[in-house]
Amino acid sequence: MNIIISNNINLPIYEQIVRAVKNEIIAGNIKEEDPLPSIRGLARDLQISIITTNRAYEELEKEGLIYSKAGKGFFVSKQNTNMLKEKKIQGIENDIQELVRECKKSGISKEEMLGMIEVIWDEK
């Protein structure tokens, strides 16, 4: 599981973990019934507090994405990955709408915006 924590975005660390786990599920990198790292293990690997990792797992559990087995750990729940992907797309559409509004306010043309997107897309 690939989780990268960034200090450069205005998103709490636990939400970054939630987002990363969702992305891993959507991408098929973690599948139904796959075990997740222990709370302590993930906290150690990410060099964050156990409290933060626990909060992320609690959020994922509330959303039905993971479940716990007493004494065994946390596992990925069975879910409709199409629905997860649809929610992700909806969030991206909202972000794009905000980007377009900001570009228009700044006098950036559609062609300039698309050019910026192409450059950023091709970076990685």
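Helix 4 gives the most to the lining of the largest pocket, contributing 7 residues. The model is a predicted one, and this pocket has a computed volume of about 630 Å³. Its lining counts 19 residues, and those closest to the pocket centre are Arg19, Lys22, Asn23, Lys87 and Lys88. Two or more lining residues come from each of helix 1 (13–27) and helix 4 (81–105). Sorted by class, the lining of the largest pocket holds 7 nonpolar, 5 polar and 7 charged residues.

Now for the second largest pocket, which encloses about 200 Å³ of space. Its lining includes Asn2, Ile3, Ile4, Ser6, Ile9 and Leu11. Further along the chain, Gln16, Arg19, Ala20, Asn23 and Glu24 also line the second largest pocket. By class, that lining has 5 nonpolar, 4 polar and 2 charged residues. Arg19 and Asn23 are worth a look on screen: both are among the residues closest to the centre of the largest pocket, and both also line the second largest pocket.

Next, the helix packing. Here are the two pairs side by side:

| Helix pair | Angle | Axis separation |
|---|---|---|
| Helix 1 and helix 3 | about 45° | 8 Å |
| Helix 2 and helix 3 | about 120° | 8 Å |

Why are helix 1 and helix 3 described as oblique to each other? Their packing angle is about 45°, and an angle between 35 and 65 degrees is neither roughly parallel nor roughly perpendicular, so the pair counts as oblique. Helix 1 and helix 3 make a right-handed crossing. On the helix 1 side, the contact is formed by Ile13, Tyr14, Ile17, Val18 and Val21, and these meet Thr52, Thr53, Arg55, Ala56, Glu59 and Leu60 of helix 3. The residues of this contact comprise 7 nonpolar, 2 polar and 2 charged.

Helix 2 (residues 39–46) packs against helix 3 (residues 50–62) at about 120°. That value lies between 115 and 145 degrees, so helix 2 and helix 3 are oblique to each other as well. Helix 2 passes helix 3 in a right-handed crossing. Ile39, Arg40, Leu42 and Ala43 supply the helix 2 side of the contact, while Ile50, Thr53, Asn54 and Tyr57 supply the helix 3 side. By class, the contact of helix 2 with helix 3 has 5 nonpolar, 2 polar and 1 charged residues.

One residue links the two packing pictures: Thr53 of helix 3 takes part in the contact with helix 1 and also in the contact with helix 2.

Conventions
Residues numbered from 1 in each chain as written. Predicted model: local features only at pLDDT ≥ 70, side-chain atom pairs only at ≥ 80, totals over all residues. Heavy atoms only, no water. Axes fitted to C-alpha atoms, helices over the stretch in contact; angles between N-to-C directions. Helix = DSSP H or I, 4+ residues; strand = E, 2+ residues; numbered from the N terminus. Left-handed = near helix turned anticlockwise from the far one by under 90°. Contact = heavy atoms within 4.5 Å. Nonpolar A, V, L, I, M, F, W, Y, C, P; charged D, E, K, R; others polar. 1 Å grid on protein atoms, 1.4 Å probe; cavity = no way out; pocket = protein on both sides within 12 Å on 5 of 7 lines; lining within 4 Å. Points joined across faces, edges and corners; volume = space filled by probe spheres on them.
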